[in-house]
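Visitor: I would like to take a close look at a single part of this structure, and then at how aromatic rings are paired within it. Could you take me through it slowly, as you would for someone in a first year of study?

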Amino acid sequence: NYLYDPPYFPIVDETTVMTGVTFNQVISPRTYYDVTMGSLYIGDYSPTGDNGDTTMITQVGPIKLDMSPYSKLQFAPRHSVDGFVYPNYDAPPGMSIYRFEGKEGNLHDNAKTYEYQFKFDLSSQIGDHNFVKTGFHFNDIVMDHNFWEEWNSNAYNTYEFNYHRTPSQSAFYVQDQINYQGIVANLGVRADYYFGGGGLWPSEPFVPAFQPNLPAVNPDSTLYAFLNTGQSYVWSTWDKYNQTHPGFLQKIKNFLTVSPRIGVSFPITTQSKFYFNYGQFRSNPPYFSMYQYVYRYTKNGLYNMSNPNLEPPLTTSYELGVDYQVAPATLLRVSGYYKDITGQEGAVYYQTIASSLGLNYKSYANNQYQSVEGLEVYLSKEDNSWWNGWVDFNYDLSKTGNTGVQTYYDIPITDGSN
């Protein structure tokens, strides 16, 4: 029933810095290499405290208006402008169940992300028929996610999202482009190693450590100062639980994948060619589904629990098509394609029934699939004349679904004597 509330749309100052350099060198008339290095920094900051100005800007009938709702008046019991007192929660006249304020608080966002990239690619023409490429790619990410929320200056209304993780991805590939009497074949393979960021992660879904746990400290001093450093009270609780329940925290998994790729094309006539492409592709799940959690110290406790052990989803792609030169510098391409995507991240739920744990939260698993099949017709004209252009028609059919169990229940079993 909140039509608009400033803490739902807080002010965020974001700083982005990108750097990069590329170096290449010709080793011989047939061989050269490229080296690329880059970095990316993203830093977020959300100012806290009141930023509302109740100076009247204009008046509509008896209603005096200030800069609201584009402001925040934290913990203000009633909103007044030049003697005009707004209804409770700034509810529109006659619509008392709706609010334009009422969840005032502070979003403490000091999240910082660092990304470092390195690429080395070596290319060489071997003989008259083989053009070989190989290389190594490395991508390292450092996530200092210092992010938490406070409402009403007490731990009951504090949400925590703090974490620090350092995932990375390493890749090695080799491919050979073979040309022989008009036939072109691209054969390649890529190996990827996905490092999950190290450290430990909870391995059991129904445990008392996920229950609400009110800190036994003064929220206005000790707890908030602790959270501002980027440390996690939630994780300190889980570490203590693991000491008395060994095995609760387990090492985060890493994954090694191998992806073959094949492409073949050959002429049909002097003005047309046939081609076929097949490949497997991998990519990391979204990082929020791997590391983000939502925890409230009281009330519900754990709301969302991510899963860093998600396997990179697999996309298998097929494409079959014909290129035809219908006129000088005019190309018509007709192709059909099919993509099968398995192991996408999807939501799963954990809920206790008739249990003192009282848990009900969301997590993620590799439980979604998608298939896409379609037809593409592409017509283009590209030359040195005054006009060039292209027309692209694409028709596809997509299907999605879930696999496995979507909701897990924990139901105590009794002997019937009670």
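**A close look at Gln-177 and the ring pairs**

Guide: A good place to begin is a single link, for the side chains of Gln-177 and Asn-186 are joined by a polar contact of 3.5 Å. The model you are looking at is predicted, and the values that follow are to be read with that in mind. Gln-177 belongs to strand E13, which covers residues 168-180. With a relative accessible area of 28%, Gln-177 is partly exposed, because that value falls between the 20% below which a residue is called buried and the 50% above which it is called exposed. If we set aside the neighbours within four places in sequence, Gln-177 is in contact with His-129, Asn-130, Phe-131, Val-184, Ala-185 and Asn-186. Of these partners, Asn-130 deserves a second glance, since 47 residues separate Asn-130 from Gln-177 in sequence, while their C-alpha atoms are 5.6 Å apart in space.

From here we can turn to the aromatic rings. A pair of aromatic rings is described by how far apart the centres are and by the angle of the planes. Searching the whole structure gives 24 aromatic pairs. In one of them, the ring centres of Phe-23 and Tyr-33 are 6.2 Å apart and the planes meet at 50 degrees, so this pair is tilted. Because Phe-23 lies in strand E1 (residues 13-28) and Tyr-33 in strand E2 (residues 31-45), the pair ties together parts that are 10 residues apart in sequence. Phe-23 counts as partly exposed, at 46% relative accessibility, whereas Tyr-33, with a relative accessible area of 16%, is buried.

Another pair brings together Phe-288 and Tyr-364, whose ring centres are 6.0 Å apart and whose planes stand at 80 degrees, so the pair is edge-to-face. Here Phe-288 lies in helix H3 (residues 288-291) and Tyr-364 in strand E23 (residues 360-381), so the parts tied together are 76 residues apart in sequence. Phe-288 is partly exposed, its relative accessible area being 46%, while Tyr-364 counts as buried at 14% relative accessibility.

Rings can also be linked pair by pair into a cluster, and one such cluster includes Trp-201, Phe-206, Phe-210, Trp-235, Trp-238 and Tyr-241, along with Phe-248, Tyr-293, Tyr-350, Tyr-361 and Tyr-408. Finally, a ring may have a charge as its partner: the charged end of Lys-381 sits over the ring of Trp-387, at 4.2 Å from the centre of that ring.

Methods. Residues are numbered from 1 along each chain as its sequence is written. This is a predicted model: local features need pLDDT of at least 70, side-chain atom pairs count only at pLDDT 80 or more; totals for chains, interfaces and linings use all residues. Side-chain values use heavy atoms; hydrogens and water are left out. Helices (H or I, at least four residues) and strands (E, at least two) are DSSP runs, numbered from the N terminus. Buried means under 20% relative accessible area, exposed over 50%, partly exposed in between (1.4 Å probe, protein chains only). Contact means heavy atoms within 4.5 Å. A polar contact is a pair of N or O atoms within 3.5 Å; within protein, one must be able to donate a hydrogen and the other to accept it, and residues adjacent in sequence count only if both atoms are side-chain atoms. Rings of Phe, Tyr and Trp (its six-membered ring) pair if their centres lie within 6.5 Å; planes under 30 degrees apart count as stacked, over 60 as edge-to-face and the rest as tilted. A charge sits over a ring if NZ of Lys or CZ of Arg is within 6 Å of the ring centre and within 35 degrees of the ring normal.
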